[in-house]
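Reader: I am new to this structure and would be grateful for a close look at a single part of it. Please show the structure before the explanation begins.

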Amino acid sequence: MRAPASVGMRLEEIDTPALLVDLESFEKNLKTLGDSLRGHDVRVRAHAKTHKCPEIARRQVAAGAIGVCCQKVSEAEAMVEGGIEDVLVSNEVVGVPKLGRLGALSTRARLGVCVDNRDNLRQLEASGAKLDVYVELDIGMRRCGVAPGEPALALAREIARSRTLRFAGLQAYHGRAQHLRSMAERRAAIQAACDQVVLTKALLEKAKIPCPIVTGAGSGSFMFEVETGAWNEIQPGSYVFMDADYARNEWAAPLPRFEHSLFVLATVMSRPAPDRAIVDAGLKASSVDSGMPGVWEKPGLVYAAASDEHGRVDIAPGVAAPALGEKLLLVPGHCDPTVNLYDWYVCVRQGVVEALWPITARGASL
Ligand SMILES: Cc1ncc(COP(=O)(O)O)c(C=O)c1O
């Protein structure tokens, strides 16, 4: 796919819509995560579902991550292809084609997977793959996962008996907690989840089944998990970019505030009325599932509505209207599905294109 820019171009020269990474903020975010974990006995397994890009995964590993998580086998394939040696598919993998690919991948890298079902576990074992297997707990998200306590113990017992699979621990991820707006609500949700994790760990210990890792946590809560001491691996993804929805959270110690580093660059393509500008970035350029994109550093301009290829920007009275052809930076409402709309990151430092990184796992949903 043709890239919208080349190295050395200035921001104004980039074709649009384009997905931009501000390298200074991106690098700061990598450092901020490391700094906030100093002194804590916890490892980072950054979530690659956010960026889908081995170039970024390699930088996360260089910044101290043990490896990455993926949600899909095809994402994991892209990461292993890109040189990542330790990947957890933080999800259930069901069906013969996917299990076959997971098995093949496990001969090329250290690979983990989650289970929440005995039949699925038997299929995994029948595939003959050598895998780290995590029992996924439902700690309040009401997505995948077995109930904490005895049901989790029963699955762990079966894994521990397997000849090919290794019981690697528990996955306890609370997605719904990430966007609870107040610090107090998020802390309370993670504390309740922690009680479930501790209960399950105690049962495993009693049954003499070692539980090396408890993995989970996202960008909106990870310090709460870390401070409980019950998790020893975290899976933040959005922290590298941040998005407009995360910006609506309350941020205070112990959680660090990350910077926006991901932008959609758009061009004003029509000025049909004094109170309205139309940009060339609509639904196919920025996801709107978590709200409209924000217009960066332009008070009085509000991205108000998106259709397939158009975005309507409302102009408040008395505010200088953007000219036809002017470029605007938009902060996507939700980073992950926005990234999945692009083939390239245009990486910019101080307004000049420094690199182009391919989003090799774009569309990798198998
Ligand atoms: C299992 C799992 N872990 C980690 C994450 C990362 O969360 P965030 O992007 O909010 O940091 C997600 C995101 O959906 C997830 O599903």
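Author: What follows is an account of the two domains and the side along which they touch, with the ligand shell and one helix residue after that. The model is predicted: local features require pLDDT of at least 70 and side-chain atom pairs count only at pLDDT 80 or more, whereas totals for chains, interfaces and linings use all residues. Residues are numbered from 1 along each chain as its sequence is written.

The protein is divided into domain 1 (11–19 + 259–358) and domain 2 (40–240), with bounds that come from an automatic or database domain assignment. Between the C-alpha centres of domain 1 and domain 2 there are 34 Å. Seven residues of domain 1 are in contact with nine of domain 2, contact being C-beta atoms, placed from the backbone, within 7 Å. On the side of domain 1 that touches domain 2, helix H11 (residues 335–339) supplies the largest share, three residues; helices are DSSP runs (H or I, at least four residues), numbered from the N terminus. By class, that side of domain 1 has four nonpolar, two polar and one charged residues. Here Ala, Val, Leu, Ile, Met, Phe, Trp, Tyr, Cys and Pro count as nonpolar, Asp, Glu, Lys and Arg as charged, and the others, Gly among them, as polar.

The shell around the ligand holds four nonpolar, 11 polar and no charged residues. Of these 15 residues, Gly-218, Ser-219, Gln-235, Gly-237 and Ser-238 come nearest.

Val-96 lies in helix H4 (residues 96–105). The C-alpha atoms of Val-96 and Ser-127, 31 residues apart along the chain, are separated by 8.5 Å.

How values were computed:
Helix = DSSP H or I, 4+ residues; strand = E, 2+ residues; numbered from the N terminus. Near = placed C-beta within 6 Å. Contact = placed C-beta atoms within 7 Å.
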